[in-house]
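Trainee: I would like a close look at one part of this chain, taken slowly and with the cut-offs spelled out. Please begin once the model is in view.

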Amino acid sequence: MAADAVHPVPPLPGPSHRLGEDGSQIDSLRCESCGRCFSNRDSLVHHRKVHAGVTTCALCGKVLNKVAYLRVHLQLVHRLDEQRIRAMVPTRRRYTYRGT
Ligand SMILES: [Zn+2]
Ligand SMILES: [Zn+2]
(Lines give C-alpha, C1' and ligand atoms only; values in the text may rest on other atoms or scores of the structure.)
(Ligands and ions follow the chains in the order given, each with its own letter.)
Protein backbone atom coordinates (compact mmCIF):
# COMPACT_ATOMS: atom_id res chain seq x y z
CA MET A 1 0.00 0.00 0.00
CA ALA A 2 1.64 3.14 -1.14
CA ALA A 3 0.77 6.36 0.49
CA ASP A 4 -1.12 8.79 -1.64
CA ALA A 5 1.34 10.87 -3.58
CA VAL A 6 0.64 14.52 -3.26
CA HIS A 7 0.82 16.00 -6.67
CA PRO A 8 1.86 19.63 -6.61
CA VAL A 9 -0.79 21.51 -8.49
CA PRO A 10 0.74 24.01 -10.87
CA PRO A 11 -0.71 27.47 -10.48
CA LEU A 12 -3.29 28.13 -13.11
CA PRO A 13 -2.54 31.04 -15.38
CA GLY A 14 -4.89 33.80 -14.41
CA PRO A 15 -6.98 35.76 -16.85
CA SER A 16 -4.29 37.96 -18.25
CA HIS A 17 -6.16 39.23 -21.24
CA ARG A 18 -6.30 42.96 -21.48
CA LEU A 19 -9.38 45.06 -21.84
CA GLY A 20 -10.70 45.48 -25.33
CA GLU A 21 -9.08 48.33 -27.12
CA ASP A 22 -11.96 49.00 -29.43
CA GLY A 23 -13.15 51.93 -27.37
CA SER A 24 -10.37 54.46 -27.09
CA GLN A 25 -12.67 56.94 -25.37
CA ILE A 26 -12.86 54.82 -22.24
CA ASP A 27 -9.11 54.96 -21.81
CA SER A 28 -9.17 58.50 -20.48
CA LEU A 29 -11.84 57.57 -17.97
CA ARG A 30 -9.99 54.61 -16.54
CA CYS A 31 -8.56 54.62 -13.07
CA GLU A 32 -4.82 54.13 -13.36
CA SER A 33 -4.69 52.59 -9.91
CA CYS A 34 -7.18 49.74 -10.28
CA GLY A 35 -8.12 49.85 -13.94
CA ARG A 36 -11.77 50.45 -13.30
CA CYS A 37 -13.66 52.26 -16.04
CA PHE A 38 -16.12 55.05 -15.58
CA SER A 39 -18.77 56.49 -17.84
CA ASN A 40 -18.19 60.05 -16.84
CA ARG A 41 -15.31 62.09 -15.54
CA ASP A 42 -17.04 63.11 -12.34
CA SER A 43 -17.33 59.51 -11.23
CA LEU A 44 -13.64 58.94 -11.83
CA VAL A 45 -12.69 62.04 -9.83
CA HIS A 46 -14.82 60.79 -6.97
CA HIS A 47 -13.39 57.31 -7.30
CA ARG A 48 -9.77 58.49 -7.10
CA LYS A 49 -10.41 59.59 -3.55
CA VAL A 50 -10.85 55.96 -2.64
CA HIS A 51 -7.21 55.28 -3.47
CA ALA A 52 -6.13 58.43 -1.67
CA GLY A 53 -7.50 56.91 1.51
CA VAL A 54 -9.84 59.81 2.00
CA THR A 55 -12.89 57.59 2.09
CA THR A 56 -11.45 55.00 4.45
CA CYS A 57 -13.13 54.85 7.83
CA ALA A 58 -10.50 55.45 10.51
CA LEU A 59 -12.51 53.51 13.04
CA CYS A 60 -13.30 50.23 11.28
CA GLY A 61 -11.20 50.42 8.12
CA LYS A 62 -14.15 50.20 5.80
CA VAL A 63 -13.58 51.82 2.43
CA LEU A 64 -16.50 53.81 1.15
CA ASN A 65 -17.05 54.84 -2.44
CA LYS A 66 -17.41 58.51 -1.77
CA VAL A 67 -16.49 60.97 0.91
CA ALA A 68 -20.15 61.70 1.37
CA TYR A 69 -20.80 58.02 2.08
CA LEU A 70 -18.06 58.01 4.67
CA ARG A 71 -19.70 60.89 6.45
CA VAL A 72 -23.00 59.03 6.50
CA HIS A 73 -21.18 55.89 7.62
CA LEU A 74 -19.58 57.69 10.56
CA GLN A 75 -22.90 59.15 11.48
CA LEU A 76 -25.00 56.01 11.28
CA VAL A 77 -22.55 53.27 12.22
CA HIS A 78 -20.29 55.02 14.70
CA ARG A 79 -22.81 57.58 15.93
CA LEU A 80 -20.42 60.47 15.62
CA ASP A 81 -21.68 63.99 15.75
CA GLU A 82 -21.10 66.50 13.01
CA GLN A 83 -18.17 68.16 14.71
CA ARG A 84 -16.23 64.93 15.01
CA ILE A 85 -17.04 63.91 11.48
CA ARG A 86 -15.86 67.25 10.17
CA ALA A 87 -12.60 66.81 12.06
CA MET A 88 -12.05 63.33 10.65
CA VAL A 89 -13.27 63.79 7.12
CA PRO A 90 -11.46 66.46 5.20
CA THR A 91 -13.82 68.61 3.26
CA ARG A 92 -13.03 71.40 0.91
CA ARG A 93 -16.48 72.84 0.94
CA ARG A 94 -17.01 75.96 2.92
CA TYR A 95 -19.94 76.33 5.17
CA THR A 96 -20.97 79.75 4.06
CA TYR A 97 -24.63 79.18 3.55
CA ARG A 98 -25.38 78.73 7.18
CA GLY A 99 -26.26 82.28 8.04
CA THR A 100 -29.97 82.76 8.01
ZN1 LIG B 1 -9.35 52.83 -8.87
ZN1 LIG C 1 -16.48 52.63 10.23
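Why does V63 count as partly exposed?

Mentor: Before the answer, a word on the basis: this is a predicted model, in which local features need pLDDT of at least 70 and side-chain atom pairs count only at pLDDT 80 or more, while totals for chains, interfaces and linings use all residues. Residues are numbered from 1 along each chain as its sequence is written, and chains are lettered from A and ligands numbered from 1 in the order in which they are written.

V63 counts as partly exposed because 13 other C-beta atoms lie within 10 Å of its own; on this scale 20 or more such atoms make a residue buried, 12 or fewer make a residue exposed, and anything in between is partly exposed, with C-beta atoms placed from the backbone. V63 belongs to the loop between α1 and α2. Setting aside residues up to four places away in sequence, V63 touches V50, T55 and T56, where contact means that two C-beta atoms, placed from the backbone, lie within 7 Å. The C-alpha atom of V63 is also 8.0 Å from that of G53, a residue 10 places away along the chain.

That same G53 comes just after α1 and has a positive phi of about 80 degrees. Helix α1 itself covers residues 41-52, and its 12 residues reach 17 Å from first C-alpha to last, close to the 16 Å expected at 1.5 Å a residue, the expected span being 1.5 Å times one less than the number of residues.

On the other side of the loop is helix α2, residues 67-76, to which V67 belongs. V67 is likewise partly exposed, since 19 other C-beta atoms lie within 10 Å. Apart from neighbours within four places in sequence, V67 is in contact with K49, V54, T55 and V89, so T55 is a partner that V63 and V67 have in common. T56, which V63 touches, has its C-alpha atom 8.6 Å from that of V67, 11 residues away along the chain.

The wider setting can be stated briefly. The chain has 3 helices and 0 strands, both being DSSP runs numbered from the N terminus (H or I over at least four residues for a helix, E over at least two for a strand), and from the N terminus on, the order is α-α-α. Buried residues make up 4% of the 100 residues. Among contacts between residues at least 6 apart in sequence, 4% join residues at least 24 apart. M88, in helix α3, is in contact with A58 and L74, leaving out neighbours within four places, and the C-alpha atoms of M88 and A58, 30 residues apart in sequence, are 8.0 Å apart. By contrast with V63, which is partly exposed, R79 in the loop between α2 and α3 is exposed because 8 other C-beta atoms lie within 10 Å.
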